[in-house]
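Notebook open, coffee at hand. Today I want to look up one residue's surroundings, a helix and a pocket.

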Amino acid sequence: MRRMRDRKKKTAPLLLLCASVVLLLLSTVGSTRAALTYYSENYAMEVTVSSIGVTLQENGNPVSYRNYLSDDWSDSGAGELLADLVPEGETLTPGKRYAESLSVFNSGAIDTYVRVILYRSWQDSQGNKLTALSPELIEFDLAEDSGWVVDEKASTPERMVLYYTKVLPSQESTPALCDAVGISGDIFREVDRISVEETEEGKIFRTIYRYDGCWMNVKAEVDAVQTHSAAEAIGSAWGVDADVAADGTLRLK
């Protein structure tokens with residue numbers, strides 16, 4: 001966890017939390033392992049930040065949260081993400097979808113706008129980033145007509161940026177931004193080499209895939225900004241030009 005240092009500056013208050021998960025993916029063993037990291041960056045705050053808060057929800061349950069109370073971030077917590085992704089007794093199988101609902105709960109006392117950034121990448125067993133496998137092989141099934149939109153300009157194969165286009169009232173949740181997550185069956189096409197072994201019975205062919213011994217790394221990052229002077233707040237905090245309609249709906253330029 002990174003330590004938060006309070007600073008005062010004439011910018012919009014921004015709250016950030018980050019949850020990450022690492023899933024073990026092997027050709028012979030499809031078990032999973034999950035871990036959570038959580039931090040806040042050093043962002044400037046105004047008086048109204050004393051009431052801001054955000055919670056990442058997984059399948060309707062809080063998985064990590066951070067709320068600014070009085071003058072510190074002591075009201076925070078973190079847990080495991082995707083801990084129950086694969087049913088007991090099963091293995092993680094490429095081509096199969098696993099139910100995964102991610103949403104944001106406004107745990108603060110003021111209305112906010114929220115943004116989620118989903119990161120996906122591959123790592124080797126030592127934690128080094130791999131580029132041999134495309135991040136797009138890790139797939140999220142985004143929910144339709146949920147109020148969430150993807151910022152195509154800011155998104156890359158490794159990073160998907162989503163905005164909730166409506167005001168998120170205090171103590172309410174957004175609809176789920178995704179319904180499921182999985183690994184594309186196309187990963188089976190990623191063949192590294194085929195080995196041949198001569199035996200008394202004949203030749204044995206073994207296919208070595210690029211994902212052998214690799215880790216799937218997924219991270220969800222949540223931001224919240226105040227609704228007061230929303231266009232300016234969003235531009236200052238997120239660097240995004242947006243129009244705000246009379247009903248509070250956001251439209252990215």
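**Entry 1: a threonine and its neighbours.** I began with the contacts of Thr112, leaving out residues up to four places away in sequence: Thr112 touches Ile52, Asn106, Lys166, Val167, Leu168, Ala224, Val225 and Thr227. A reminder to myself that this is a predicted model. I then checked where Thr112 sits, and found this residue in strand β6. Buried or exposed, I wondered about Thr112? Thr112 is buried, as its relative accessible area is 0%. One of the neighbours deserves a second note: the side chains of Thr112 and Asn106 make a polar contact at 3.5 Å.

**Entry 2: the helix.** Next I looked up helix α1, which spans residues 230-238. Which of its residues are buried? I listed Ala230, Ala233, Ile234, Ala237 and Trp238. These cover an arc of only 95 degrees around the axis, so they lie on the same side of α1. Just after α1 comes Gly239, and I noted that its phi is positive, near 65 degrees.

**Entry 3: the pocket.** Last, I turned to the largest pocket, with a volume of about 200 Å³. Its lining has 14 residues, and those nearest the centre are Asp151, Lys153, Ala154, Tyr163 and Val240. Two elements give two or more residues to this lining: β6 (112-123), the strand from my first entry, and β10 (159-164). Which one gives the most? That is β10, with three residues. Sorting the lining by class, I got seven nonpolar, six charged and one polar residue.

Key:
Residues are numbered from 1 along each chain as its sequence is written. This is a predicted model: local features need pLDDT of at least 70, side-chain atom pairs count only at pLDDT 80 or more; totals for chains, interfaces and linings use all residues. Side-chain values use heavy atoms; hydrogens and water are left out. On a 1 Å grid over the protein atoms alone, a cavity is a set of points where a 1.4 Å probe fits but cannot get out, and a pocket is an open set with protein on both sides within 12 Å along at least five of seven lines; lining residues have an atom within 4 Å of a point. Grid points are joined across faces, edges and corners, and a volume is the space filled by probe spheres set on the points. Helices (H or I, at least four residues) and strands (E, at least two) are DSSP runs, numbered from the N terminus. Ala, Val, Leu, Ile, Met, Phe, Trp, Tyr, Cys and Pro count as nonpolar, Asp, Glu, Lys and Arg as charged, and the others, Gly among them, as polar. Buried means under 20% relative accessible area, exposed over 50%, partly exposed in between (1.4 Å probe, protein chains only). The arc is that of the directions from the helix axis to the C-beta atoms. A polar contact is a pair of N or O atoms within 3.5 Å; within protein, one must be able to donate a hydrogen and the other to accept it, and residues adjacent in sequence count only if both atoms are side-chain atoms. Contact means heavy atoms within 4.5 Å.
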